[in-house]
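Hi,

Here is the structure we talked about passing on to you. Please open it first, and then read my notes with it on the screen.

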Amino acid sequence: MDATEKFSGRAKDYAAGRPGYAPAFIEYLYDRFANLPQATVADIGCGTGKFAALLLSRGTTVYGVEPNADMRTVCAEELRGFANFQLVPGDAGSTTLAPASVDYVTVAQAFHWFDADRFAAECRRILRPGGAVVLLWNIRDPESTFKRELSRVLEAHCPDYHGFNNGLTRDDARIVRFFGGGYARVAFDHPLHMNREKFMARCLSASYSPKAGDAGFAAYMDALNRLFDASAENGILTIPNHTVAYIGSIG
């Protein structure tokens, strides 16, 4: 399946279940790039607008580039109140944006799906001189017991599961190659607090998750509910997590 279609039918769960990003990271970003409030950003693979909303709320102009029609529909609804937002049908290798039209490129929770070489060429085309690229993810604490238990459930019930974030690792070779070795890595504590409904939506939003009607879906849902019951306290599940970003220029 084309990676751009992996999230078809998942947009509502994505909007309901996916977390935002660490407030401390947003503060860091706006401190590091003083012109960001007045800047224009291309948020590539913007999904339902989770990260774009954090930029838009501070006055930054954002082009949200998203290839999946289902995601675009939900994104348009989620961000309808922002006059400084423009939703663009496009992908990482062909954004359709004008040359030298943006100050920064951001990618939240999506770079691991990209053809990195095509994306790098597109960044060079659309970025203004001195522009930078920010790649970011929410990364569950690899040492947490909960992550190990969740991985066991996914391995047992999700045939398409091959690790979180498409197997991405710290300082992954794909990231190193994209930046040419020159980048800054920053991480901010961002524990996630989820009730049952949000946890289930988060799991169902994953590209590898079975959908209703698929073989094994009921067993998968049962396993997730049992994991929640075993891990939550007073109806709230706390997941150790960090917002991690890689920031650099594309030569």
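Cys-203 is a good place to begin: its relative accessibility is 8%, so this cysteine counts as buried. Please keep in mind that this is a predicted model. Cys-158 is buried too, with a relative accessibility of 2%. Why is there no bond between the sulfur of Cys-158 and the closest cysteine sulfur, in Cys-203? The two sulfurs are 8.4 Å apart, which is too far for a bond, because a disulfide needs them within 2.5 Å. Cys-203 is likewise in no disulfide, its nearest cysteine sulfur being the one in Cys-158. For the structure as a whole, the number of disulfides is 0.

Next, have a look at two helices. H6 covers residues 145–157 and H9 covers residues 217–231; they pack with their axes 10 Å apart, at an angle of about 170°. That angle makes H6 roughly antiparallel to H9, because anything over 145 degrees counts that way. If you would like to display the contact, H6 brings Phe-146, Glu-149, Leu-150, Val-153, Leu-154 and His-157 to it. From H9 come Ala-219, Tyr-220, Ala-223, Leu-224, Leu-227 and Ser-231. What kinds of residues make up the contact of H6 with H9? The split is 9 nonpolar, 2 polar and 1 charged.

The aromatic rings are worth some time as well. The count of aromatic pairs comes to 21. One of these pairs is formed by Tyr-28 and Phe-188, with 5.6 Å from centre to centre and 50° between the planes, a tilted arrangement. This pair links distant parts of the chain: Tyr-28 belongs to helix H2 (residues 23–32) and Phe-188 to strand E6 (residues 184–189), and they are 160 residues apart. Are these two rings buried or exposed? Tyr-28 is partly exposed, at 23% relative accessibility, whereas Phe-188 is buried, with a relative accessible area of 17%.

Another pair to pick out is Phe-111 with Trp-137. Their ring centres are 6.3 Å apart and their planes stand at 80°, so this pair is edge-to-face. Phe-111 sits in the loop between strand E4 (102–108) and helix H5 (116–126), while Trp-137 is in strand E5 (residues 127–140); the pair therefore ties together parts that are 26 residues apart in sequence. Both rings belong to buried residues: relative accessibility is 2% for Phe-111 and 1% for Trp-137. Phe-111 and Trp-137 are also members of one aromatic cluster, together with Phe-114, Phe-119, Phe-178, Phe-179, Tyr-183 and Tyr-246.

Last, two spots in the backbone. Most residues other than glycine have a negative phi. Which value does Gln-109 have for phi? It is positive, about 65°, although Gln-109 is not a glycine. You will find Gln-109 in the loop between E4 and H5, and with a relative accessible area of 9% this residue is buried. Asp-171 also has a positive phi without being a glycine, with a value near 50°. Asp-171 is placed in the loop between H6 and helix H7 (173–179), where it counts as partly exposed at 30% relative accessibility.

Enjoy exploring, and write back whenever you like.

Best wishes

How values were computed. Residues are numbered from 1 along each chain as its sequence is written. This is a predicted model: local features need pLDDT of at least 70, side-chain atom pairs count only at pLDDT 80 or more; totals for chains, interfaces and linings use all residues. Side-chain values use heavy atoms; hydrogens and water are left out. Buried means under 20% relative accessible area, exposed over 50%, partly exposed in between (1.4 Å probe, protein chains only). Axes are lines fitted to C-alpha atoms, for helices over the stretch in contact, and angles run from 0 to 180 degrees between N-to-C directions. Helices (H or I, at least four residues) and strands (E, at least two) are DSSP runs, numbered from the N terminus. Angles under 35 degrees count as roughly parallel, over 145 as roughly antiparallel, 65 to 115 as roughly perpendicular and the rest as oblique. Contact means heavy atoms within 4.5 Å. Ala, Val, Leu, Ile, Met, Phe, Trp, Tyr, Cys and Pro count as nonpolar, Asp, Glu, Lys and Arg as charged, and the others, Gly among them, as polar. Rings of Phe, Tyr and Trp (its six-membered ring) pair if their centres lie within 6.5 Å; planes under 30 degrees apart count as stacked, over 60 as edge-to-face and the rest as tilted.
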